[in-house]
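Q: Please take a close look at a single part of this model. I should like its surroundings described first, and then its setting within the whole chain.

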Amino acid sequence: MGISIVVSYTLFRDLGTILTMRAFFFLFLSYAVCGLSSAQLPSRLDRIVSAHEIPYQGISILVRELNGENLILEHLSEVPRNPASTIKLLTTWVALEVLGPTYRWPTEIYFLGDWDGRKLDGDLAIKGYGDPYLVTEKFWSLLAELRRLGLEEITGNLVIDDSYFADVEENQGDFDSQPYRAYNVLPNALLVNYKAIRFVFRAHSNGRDVIISADPLPENLNIINRLDLSGNPCRGFQAGISFDIRDPDNGETVVFSGSFPKACSPYSLYRSVLKHDTFTHGLFTTLWQGVGGLYSGSLARQNIDADMEPMLTWQSPPLAEVIRSINKYSNNVMTRQLLYTLGAEQNSVSGTREAGIEVIYNYLTKRGLNPLSLVVDNGAGLSRDTRISASLLTNVLELAQTSSFGSEFMASMSISGLDGTTRGRFDDSQEGRAHIKTGSLDDVAALAGYVHAASGKTYLVSAMINAPDAHRGPGRELLDELISWVYERP
């Protein structure tokens with residue numbers, strides 16, 4: 001039974017139309033595959049599917065030889081499925097091709113006042129361009145560079161310009177109602193340390209209290225410690241620690257309560273706090289004082305005149321380095337920054353999600369790929385709406401290796417069993433034998449990349465499982481066995 005669907009590409013340029021068409025298209029494909037109760041999978045894979053009662057119509061697999069016509073394994077490869085974080089491969093590939101591997105994000109510093117070589121009698125302004133890797137250490141280095149210019153004292157305020165990205169019309173908890181989880185942080189043109197703090201808890205030597213430390217510690221963050229130290233075993237959700245924001249509109253006061261077992265080793269909890277601008281201001285105040293600077297001003301917002309010359313321009317690491325953090329460790333926030341950057345760079349306006357998505361669709365079309373199976377939501381895969389077929393994802397993997405930047409793209413992925421999201425995964429024979437991006441959401445397990453087989457051949461592999469509990473053991477077991485089977489191919 002076959003179904004042919006022809007849809008004008010122009011329909012896909014509007015995000016709302018994309019989501020509507022996704023539902024329509026997926027309905028037809030679901031109808032096309034309904035009734036499938038078996039598949040021609042290798043027996044060792046079929047045993048896992050049968051043992052865990054994974055529905056065959058919820059699985060898509062495509063394996064073929066790189067730079068060859070040999071199709072090794074195919075099952076429902078044209079069906080669009082939720083790929084979870086494997087969609088990051090598409091976003092980072094397009095970014096490499098469009099922006100180039102040496103692309104860097106600037107962060108500019110302006111002196112808005114009189115400067116005598118030591119004291120700035122006025123405001124200091126920071127203009128961000130979406131640097132996804134402006135972590136605490138980099139921000140400290142930026143401020144240390146200012147001190148090396150001779151700046152010691154700022155009499156005015158800290159002015160923030162984050163207009164390079166448009167305001168994000170989303171709520172941070174939209175995906176899973178967990179607004180303070182670090183992976184849910186929304187894009188911002190001046191994103192410092194992902195707006196995240198590592199809270200560390202340890203038992204006090206007096207046997208009664210719990211010590212809380214924070215890294216980094218913005219000057220404007222208040223921590224209320226209501227934790228009790230218990231004699232219970234070290235177990236339970238978050239080691240018995242409850243986290244709450246007292247003032248959600250500002251996020252300046254965090255409250256920890258519950259019972260922390262004294263048997264626990266130091267326990268870490270990562271959470272996003274404050275707003276983008278207040279986090280930056282608070283951390284600036286802390287770090288500037290830490291490098292010996294003087295400042296007691298307030299936060300201000302202002303768009304810097306494009307004709308002004310910055311006093312200092314800080315450059316991020318190159319894109320080829322940044323995408324290693326994205327793909328190896330599946331960093332959602334960095335990927336979303338990258339999507340907004342694509343939109344801003346290609347459209348000469350403030351970056352938006354929709355503009356970044358348009359860049360991806362246009363580039364696929366330019367390279368002769370059909371985006372019919374594709375729905376891009378935020379580019380990171382932290383979404384229930386994202387869809388792609390195993391066929392299209394495999395085509396992306398193959399095209400990437402025909403590019404001058406193919407080595408950078410492959411190097412951005414986890415080396416099987418050795419680093420990133422696959423560290424400690426796979427047995428000894430597969431360690432270092434594949435470059436892989438994994439993906440997992442509730443009821444979704446996925447994997448895509450390159451398998452360097454024992455025969456010396458390299459195979460393209462894309463696999464997605466959308467089925468109840470796929471993210472638990474059964475999905476991972478099936479995907480791991482698939483990699484093992486491909487590795488042993490002659």
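A: Helices (H or I, at least four residues) and strands (E, at least two) are DSSP runs, numbered from the N terminus. The model is predicted, so local features need pLDDT of at least 70 and side-chain atom pairs pLDDT 80 or more, whereas totals for chains, interfaces and linings use all residues. Residues are numbered from 1 along each chain as its sequence is written, and side-chain values use heavy atoms, without hydrogens and water.

The part chosen is Ser 416, which belongs to the loop that links β16 to β17 (434-441). Ser 416 has a relative accessible area of 0% and is therefore buried (under 20%; exposed is over 50%, partly exposed in between; 1.4 Å probe, protein chains only). Once its neighbours within four places in sequence are set aside, Ser 416 touches Thr 422, Phe 426, Gln 430, Glu 431, Gly 432, Arg 433, Ala 434 and Ile 436, a contact being heavy atoms within 4.5 Å. One of these partners, Ala 434, is 18 residues away from Ser 416 in sequence, yet their C-alpha atoms are 5.2 Å apart.

The strands that flank this loop belong to an open, antiparallel sheet of six, ordered β2-β1-β19-β18-β17-β16; two strands pair if DSSP finds at least two bridges between them. Its edges are β2 (71-75) and β16 (414-415), each of which pairs on one side only. Elsewhere in the sheet, seven bridges connect β1 (residues 59-65) with β19 (residues 458-466) in the antiparallel sense, and Leu 62 has Ser 462 of β19 as its bridge partner.

Parallel pairing is found around β6 (residues 158-161), which is joined to β4 (residues 119-128) by four bridges and to β14 (residues 299-301) by three. Across these pairs, Asp 161 in β6 stands opposite Lys 127, while Leu 158 is bridged to Leu 299 of β14. In a regular strand the side chains alternate between the two faces of the sheet. Both faces of β6 are covered, with Leu 158 and Ile 160 buried on one side and Val 159 and Asp 161 buried on the other.

As for the whole, the protein holds eleven helices and 19 strands. Its radius of gyration is 25 Å, close to the 23 Å from the globule rule for 490 residues, so the protein is as compact as a globular protein of that length (C-alpha atoms; 2.2 Å times the number of residues to the power 0.38). The C-alpha trace spans about 75 × 60 × 40 Å along its principal axes. Of the 490 residues, 55% are buried. Among contacts between residues at least 6 apart in sequence, 69% join residues at least 24 apart.
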